[in-house]
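Please read the following walk through a protein chain with its sequence and coordinates at hand. The aim is to go from the overall make-up to helix packing, and from there to single residues.

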Amino acid sequence: MLYNLLQMTDQWLDNAGLYSVLQVLYQREFRAFSAVVLAFFIVMLFGKRMIRWLVRLKIGDCAEFDNDQLNALMRNKENTPTMGGLLLVASIVVTTLLLADIFNRYVHLILAVIIIFAAVGSADDWLKLVGARRDPGSRDGLFGWEKLIFQLGVGLIVGYFAWQLTGDSLAAKSLTLPLMRTYEPGMETLVLAPNVIILPAAIFIGIAALLVGGMSNAVNFTDGLDGLAPGLMMIASFAVMVLCYIAGSPDLAGYLLMPYVEGTAELMVVAGASAGACLGFLWFNAYPAQMTMGDTGSLPLGGMLATIGIVVRQEFLVLIIGGVFLIELGSSVLQRRYFKLTKGKRLFKCAPIHHHYHYKGWSESQIVVRFWVVGVILAMLAIVSIKMR
C-alpha cells in the first residue's frame, strides 16, 4: 500500500522534498527486509495481549497420545493457549498490505490462500479446544477427510489461478526438475532450452493441489514441540525469498537458467513478512511455550510455502527447503501403514518423528535445535543447487 501511495503521490512528494527520501520504497529488497522487521514487531507488540485474550477464552491445548510415557513428557503443555496463529496470520497480512504492491495478482492469490487456510484452521481449533469443552457430545475438530478436501480444494484453486496468471509465458508453465536448465546459456534473450517440459493445464493444476495439500498438512504435523514449526518456517521463508527474487528478475533468472515469472518478485515481501512473524512468534513459543499457533497458523504457513513454490515454478526446491516438514508427515503416514500391515507393530516409538526422539530421551530443546540445523542445511542445499544447472 505504501508503495502504491508513493506511485500516486510522487509528484506531490517531490515538490514537498520528500520523494528522494521515500523512493527507497520502490526497491523490492528494501520492502522485503522491512517486512521482516515490521512483522516481527507487530507480533512482539501484540503477543502478550493475544496470550491474555486466549487465556480469558480458555483456549488451551490438551494433547493426548496413545503412549503413557509420551503423555507424561507432554503434560507440561496442558492448557497452553493455542490459536496463536491468529496473531501470526494477522501480522503477515497487515505487513503485506502495507509494504507490497496491492495491485499485484500474485499478492492477491497468496493472501487469499493464507486467509482461507487460517479460517479452516480456526474452525478446527475451535471445535477441538472450545466446542468439545462446552458441549461434551460435540466432535473433536474437523474430520481428517474434511480437512483434506479443503486443502486439496484450495490447491486446485491455486493451480487454476496460477495457470491463468502465467498468460502466454511458457517458462511460467514449465516443469523445473533438479539441475534442469530452463534457458540456453549464452543467449541474449530468454529462449527456452529444447528439453524443457511444458505442463498442460490439468497436470499443472494437479501438481498444485498435491503440493498445497501436502505442505499444509506437513507443517501441521510438525507443530508439536515448542518452537519447532515457527523456527523451521522462518528458515524456509528466507529461502523462498531468494527464489522469488530470482524468478521475478529476467536478468538473474536468465543467468541462473531458471524460469522467469513476471510479477513474482513482489512475493519477496510476503516471504519476508512470514519470516519476521515467525521470528517474533518464537519469542512466545520458545520452550516453555506461552502460546502455540495451532492449526490456525500451521495450515496457512504450509499453504503459503507451497503456493510460492508453484508460482515461481520451483516445486522441487520447495520440497527440499521444506524437507523436515515432509519427513514429519512421512513418518506419520509410514507409522499408520506399518501398524495396519503388521497388525499392531510400530515402525517408530511414536509419530511424528520428533516424538520418536522425545520418547528416546532427547530433550525438547535438543530436538528443536537439531531439526532447525537440518532445516538450514536443506535450505542451503536447495539454494546451492540453483547454480549447479
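The paragraphs below begin with the chain as a whole and then turn to its helices, its internal space and some individual positions.

The model shown here is predicted rather than determined by experiment. Its chain contains 16 helices and 4 strands. Of the 389 residues in the chain, 52% are buried. When contacts with a separation of 6 or more are considered, 75% of them come from residues that lie 24 or more positions apart.

A good place to start on the packing is the pair formed by helix 9, which covers residues 228-247, and helix 16, which covers residues 364-387; their axes come within 9 Å and cross at roughly 10°. Because angles under 35 degrees count as roughly parallel, helix 9 is described as roughly parallel to helix 16. On the side of helix 9, the contact is made by L228, G231, L232, I235, A239, V242, L243 and I246, while helix 16 supplies V368, F371, W372, G375, V376, A379, I383 and I386. Sorted by class, this contact of helix 9 with helix 16 holds 14 nonpolar and 2 polar residues, and no charged ones.

Helix 16 also meets helix 14, and here the axes come within 8 Å and cross at roughly 125°. An angle of this kind falls into none of the roughly parallel, antiparallel or perpendicular ranges, and helix 14 and helix 16 are therefore oblique to each other. The residues that make the contact are G323, V324 and E328 from helix 14, together with F371, V374, G375 and L378 from helix 16. By class, the contact of helix 14 with helix 16 comprises 4 nonpolar, 2 polar and 1 charged residues. F371 and G375 of helix 16 thus appear in the contact with helix 9 and again in the contact with helix 14.

What space is enclosed within the structure, and which residues line it? Rolling a probe the size of a water molecule over the atoms shows where empty space is left. A search of the whole structure finds 1 cavity of 30 Å³ or more, and the largest cavity holds about 40 Å³ of space. Its lining is made up of L232, I235, A236, I321, G322, V324, F325 and G375. Helix 9 and helix 14, the latter covering residues 323-341, are the elements that give two or more residues to this lining, and helix 9 provides the largest share, with 3 residues. The lining of the largest cavity divides into 6 nonpolar and 2 polar residues, with no charged ones. Several lining residues are already familiar from the helix contacts, among them L232 and I235, which belong to the contact of helix 9 with helix 16, and V324, which belongs to the contact of helix 14 with helix 16.

Two positions illustrate how parts of the chain that are separated in sequence are placed in space. S332 sits in helix 14 and has a relative accessible area of 5%, so this residue counts as buried. Its C-alpha lies 8.2 Å from that of F221, although S332 and F221 are 111 residues apart in sequence. Beyond its neighbours within four places in sequence, S332 is in contact with F221, A351 and P352. H358, in turn, belongs to helix 15, which covers residues 353-359, and at a relative accessible area of 7% this histidine is buried. H358 and L225 are 133 residues apart in sequence, with 9.5 Å between their C-alpha atoms.

The last stop is the backbone in the loops. Where does P288 lie? P288 is found in the loop between helix 11 (267-285) and helix 12 (294-311), and a cis peptide bond with an omega of about -10° joins Y287 to this proline. In the loop between helix 10 (250-255) and helix 11 lies L257, whose phi is near 60°, a positive value in a residue other than glycine. With a relative accessibility of 8%, L257 counts as buried. R313, located in the loop between helix 12 and helix 13 (315-321), likewise is not a glycine and has a positive phi of about 65°. This arginine is buried, with a relative accessible area of 1%.

How values were computed:
Residues numbered from 1 in each chain as written. Predicted model: local features only at pLDDT ≥ 70, side-chain atom pairs only at ≥ 80, totals over all residues. Heavy atoms only, no water. Axes fitted to C-alpha atoms, helices over the stretch in contact; angles between N-to-C directions. Parallel < 35°, antiparallel > 145°, perpendicular 65-115°, else oblique. Contact = heavy atoms within 4.5 Å. Nonpolar A, V, L, I, M, F, W, Y, C, P; charged D, E, K, R; others polar. 1 Å grid on protein atoms, 1.4 Å probe; cavity = no way out; pocket = protein on both sides within 12 Å on 5 of 7 lines; lining within 4 Å. Points joined across faces, edges and corners; volume = space filled by probe spheres on them. Buried < 20%, exposed > 50% of the residue type's maximum accessible area, 1.4 Å probe, protein only.
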